[in-house]
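In these notes I record what I looked up in one structure, entry by entry. My topics are ring pairs, charges over rings and one pocket.

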Amino acid sequence: MAEKSKPEFTLGDLGTIKEGILAEEAGFKPFERFGSDFTLRPETVFGALPFVGGLTNIGQAIGKYQLEDSVNKFYGLDKGFKDTSISSGKNTSETNRLINEIKAFKAEDPYSTTPNITRDDIQNYMMQKKPELDLAPIQNRIYTQKQLDNRTTDFYKPEQVYITQPFSSGRTAQNITSTGFRSGISPQDRAMIEEDQAISGYSSYGDAMKGGYYDNEIKSVSDFAEDKINQVNFGTTNRETGEFEGAKGYDPAFARAVTVESQGESATSESTFICTALYEMGQMPIGIYKYDQRYGQQVNKKIYNGYALWGKPIAQKMRNRGFIYNIITPIAMRWAEQMAFDMSDGKVGKKRYSIKAMKFLGEAICYGIGLFIKPEGEKHGSNRNRQHGEERRTIRGEDGLLKKRGRPRTKRRTAS
């Protein structure tokens with residue numbers, strides 16, 4: 001009998017864990033010594049009011065169940081509704097196990113300077129435990145607790161200083177800040193990143209940021225709201241030089257995040273599925289992938305709709321690295337190399353006549369399929385997002401979180 005697969009832990013589960021643990025830590029457990037994990041939260045007290053009490057307490061019970069369920073997924077435990085519901089109300093719950101592990105991690109973190117668990121602590125713990133999620137720090141912390149202790153005087157109260165960490169991709173955050181390359185980046189990594197930017201037509205980091213090269217790696221505006229930094233995305237133009245000058249606290253990455261959110265799909269858009277899967281699994285070089293994305297963005301919409309019908313489910317199955325992955329990968333790689341060759345005027349990729357013939361036939365078939373497809377959410381000519389069937393600016397992925405738009409994550413940018 002085949003081994004039962006473990007439940008998948010998603011970014012949506014991480015969001016549930018953050019909110020749930022912070023709520024648990026903010027509450028009080030009056031019956032803890034009796035083995036009960038009942039938490040007295042502000043909403044629990046509010047729930048004592050007539051008419052609203054029952055609904056509020058039911059909502060808290062559901063929240064505790066959802067938290068326990070997400071923690072089960074974190075540990076790879078496949079528990080049913082009954083077992084999860086019972087364990088969520090006990091001191092021996094998986095939630096309490098995770099909280100204790102995060103506290104132990106926090107105690108060993110030299111940059112942790114707060115008494116209670118914070119979003120930073122949970123995020124940094126998950127960065128170590130779930131590297132496949134490619135998480136980045138919420139913000140960067142400057143001082144260790146030891147440094148702050150040594151700075152104590154009668155006239156100065158030392159406090160942690162936070163600076164912006166603008167990227168959602170952990171791999172990119174290791175090498176780049178809001179304003180450019182980190183001081184500790186290796187020469188090899190810097191050269192590789194600059195080469196990738198140049199291939200896509202950008203002469204500097206600033207141009208790449210403004211032009212949308214990092215759009216799918218920049219945090220969303222709501223993600224920026226989680227940090228402790230006052231973000232500003234406005235400024236003035238220098239009358240003498242004509243150059244834009246950001247106001248005090250101006251952050252170019254945050255400004256671009258605001259632009260992407262305000263423009264919605266028109267800023268940039270994800271346009272492939274199979275090649276995106278290969279790129280995110282580390283199989284496709286970024287130089288090839290960038291041109292493949294550019295091709296996908298300019299292709300006829302009916303061809304795109306026809307391709308999306310079968311390309312998206314195949315891409316999802318490929319991520320399991322099974323039979324479909326082994327069959328599709330060599331074909332898709334050659335296809336992408338041909339697209340890159342065409343889009344770069346022969347500078348990148350490889351020319352294959354067999355693939356060009358396959359391209360002609362494949363586009364014709366996809367166009368035929370697209371003629372008879374009306375994507376979900378597209379009606380009466382309304383301009384909805386063509387991939388997800390939802391209004392612009394409210395696109396959500398399968399994990400329930402807001403989906404990032406724009407250029408792909410540059411996952412080749414890894415620290416050595």
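The entries below begin with the aromatic rings and end with the pocket.

**Entry 1. Aromatic pairs.** I noted at the outset that this is a predicted model. I then looked up the aromatic pairs and found that the structure holds 15 of them. The pair I examined in this entry joins Y65 and F81, with 5.1 Å from centre to centre. The planes of Y65 and F81 stand at 50 degrees, and the pair is classed as tilted. I located Y65 in helix α3 (residues 53-74) and F81 in helix α4 (residues 81-87), so this pair ties together parts that are 16 residues apart in sequence. I also checked accessibility: Y65 is partly exposed, at a relative accessible area of 21%, whereas F81 is exposed, at 60%.

**Entry 2. An edge-to-face pair.** I turned next to F224 and F254, whose ring centres are 5.2 Å apart. Their planes are at 75 degrees, and because an angle over 60 degrees counts as edge-to-face, I entered the pair under that class. F224 belongs to helix α11 (residues 221-224) and F254 to helix α12 (residues 252-263), so the pair ties together parts 30 residues apart in sequence. I found F224 buried, with a relative accessible area of 2%. F254 also counts as buried, with 10% relative accessibility.

**Entry 3. A cluster of rings.** Which residues do ring pairs link into a cluster? I listed F167, F181, Y202, Y205, Y213 and Y214.

**Entry 4. Charges over rings.** I looked up R97 and found its charged end over the ring of Y75, 3.6 Å from the ring centre. F224, which I had met in the edge-to-face pair, has K219 over its face, at 4.9 Å from the ring centre.

**Entry 5. The second largest pocket.** I recorded a space of about 490 Å³ for the second largest pocket. How many residues line this pocket? I read 22, and I noted that I274, Y307, W310, W335 and C366 lie nearest its centre. I then asked which helices supply at least two residues each to the lining. These are α13 (274-280), α14 (286-298), α15 (301-318), α16 (323-343) and α17 (353-371). Finally, I sorted the lining by class and obtained 16 nonpolar, 4 polar and 2 charged residues.

Terms used
Residues numbered from 1 in each chain as written. Predicted model: local features only at pLDDT ≥ 70, side-chain atom pairs only at ≥ 80, totals over all residues. Heavy atoms only, no water. Phe/Tyr/Trp six-rings, centres within 6.5 Å; stacked < 30°, edge-to-face > 60°. Helix = DSSP H or I, 4+ residues; strand = E, 2+ residues; numbered from the N terminus. Buried < 20%, exposed > 50% of the residue type's maximum accessible area, 1.4 Å probe, protein only. Lys NZ or Arg CZ within 6 Å of the ring centre and 35° of its normal. 1 Å grid on protein atoms, 1.4 Å probe; cavity = no way out; pocket = protein on both sides within 12 Å on 5 of 7 lines; lining within 4 Å. Points joined across faces, edges and corners; volume = space filled by probe spheres on them. Nonpolar A, V, L, I, M, F, W, Y, C, P; charged D, E, K, R; others polar.
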